[in-house]
Amino acid sequence: MAKIIVVTSGKGGVGKTTSAAAIATGLALRGNKTVVIDFDVGLRNLDLIMGCERRVVYDLVNVIQGEAGLNQALIRDKRSENLHILPASQTRDKDALTLEGVETILGSLSEEFDYIICDSPAGIERGAQLALYFADEAIVVTNPEVSSVRDSDRILGLLSSKSRRAEQNREPIKEHLLVTRYNPNRVDDGDMLNLDDICEILAINLIGLIPESEAVLRSSNQGVPVIHDDKSDAGQAYADTVSRLMGEDVPLRFQHVPKRGLISRMFGGGGRR
Amino acid sequence: MKLLEFLKGERKKSASVAKERLQIIVAHQRGHRGQPDYMPMLEQELLEVIRRYVKVDQDAINISLDSEDDCSVLELNVTLPNRD
């Protein structure tokens, strides 16, 4: 039985797809059979971030409507044989997704994989609700910014009321907070919400902290999930997040501005802002 | 620039303003969580009925739905103005 994890946020542009790609890749690199599904029908982008956009033949909607088999639509990742991608449709409208169709697909994938990562579209409409409906766990991606935090709280409301686990009165979805685009310099200046405040307001467990990083854009330009860039701060932060998701106790990094040594203070010029 | 700000007196940091605003809005959102979709409409219409008889403010009415075991309780709280 696979564990179904939805990556969601409410607000757009906070790093859902980047995070879904990085976390799915990380899980696969650690030996788990993993599939990552793009639920953003009409505006697919996971394929670009994963670097497989030219290998898309069939998509999620084709499978739901019986125009292709699941194995025809699954794309095997170039870099990890444990990882598969199920792309969203580019052309169909979002009503093409049905609850029954999604349930059937997740059911078949569940037999073959250890982890199913659902990359949710933005918003709280149908697509987002379908992405989270069958989840066992949820990663709520949040930026240290008022609209993102508020929307995350709305999503937490949906997770606790509009999911299958909620409707069947089963154990609730396990909710994790993933804070992305964190800039400790701005936090120190008092111009960015700090991590403790975000955790206090949303009142859910923190699974990871991803610093604002140049590596993220560099990676998406190249279509290589940022977790492969293991020299980068964001890559390492995602690797830590994956370890925690697998139940390991890993200390939190990148929360504070690194202390600068004497040499860099003398010759390094001004601190980056 | 920092010195100038210091001399003018410490301005309130924007992050703490953000935190306060979020705490209020999130508490408000959570109050409405799990309620049926018709609640805002019901609240509005009840307010209109009450206003036909008594002059009350928009925020003087508070409505909530609590479920216990096999029964639900609709609680309506109206703060009436002082009679002068």
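## A:Val140 in strand S6

A:Val140 sits in strand S6 of chain A, which spans residues 137–142. The model is a predicted one. A:Val140 is buried, at 0% relative accessibility. The cut-off for buried is under 20% relative accessible area, so A:Val140 falls on the buried side.

Leaving out neighbours within four places in sequence, A:Val140 has a list of contacts in chain A. Leucines on that list are A:Leu156, A:Leu159, A:Leu177 and A:Leu178. A:Ile155 and A:Ile204 also touch A:Val140. The remaining partners are A:Thr8, A:Ser152 and A:His176. A separate distance concerns A:Ile85, 55 residues from A:Val140 along the chain. The C-alpha atoms of these two residues are 21 Å apart.

## A:Ser110 in helix H5

A:Ser110 belongs to helix H5 of chain A, residues 99–112. Is A:Ser110 buried or exposed? A:Ser110 is buried, because its relative accessible area is 6% and the buried class lies under 20%.

Which residues does A:Ser110 touch, not counting those up to four places away in sequence? They are A:Met1, A:Ala2 and A:Ile116.

## B:Lys19 and its chain A contacts

B:Lys19 is found in chain B, in helix H2 (residues 14–31). The relative accessibility of B:Lys19 is 18%. That value is under 20%, so B:Lys19 counts as buried.

The contacts of B:Lys19 include residues of chain A. Setting aside residues up to four places away in sequence, B:Lys19 touches A:Asp197 and A:Glu200. A:Leu193 and A:Ile201 are also touched by B:Lys19.

## Positive phi at A:Asn169 and A:Arg181

Most residues other than glycine have a negative phi. A:Asn169 is not a glycine, yet its phi is positive, at about 55°. A:Asn169 lies in a loop of chain A, between helix H8 (164–167) and strand S7 (174–182). With 72% relative accessibility, A:Asn169 counts as exposed. The exposed class begins over 50%, so A:Asn169 meets it.

A:Arg181 also is not a glycine and has a positive phi of about 55°. A:Arg181 lies in strand S7 of chain A. At 42% relative accessibility, A:Arg181 is partly exposed. Partly exposed covers values between the buried limit of 20% and the exposed limit of 50%, which is why A:Arg181 gets that label.

Methods
Residues are numbered from 1 along each chain as its sequence is written. Chains are lettered from A and ligands numbered from 1 in the order in which they are written. This is a predicted model: local features need pLDDT of at least 70, side-chain atom pairs count only at pLDDT 80 or more; totals for chains, interfaces and linings use all residues. Side-chain values use heavy atoms; hydrogens and water are left out. Helices (H or I, at least four residues) and strands (E, at least two) are DSSP runs, numbered from the N terminus. Buried means under 20% relative accessible area, exposed over 50%, partly exposed in between (1.4 Å probe, protein chains only). Contact means heavy atoms within 4.5 Å.
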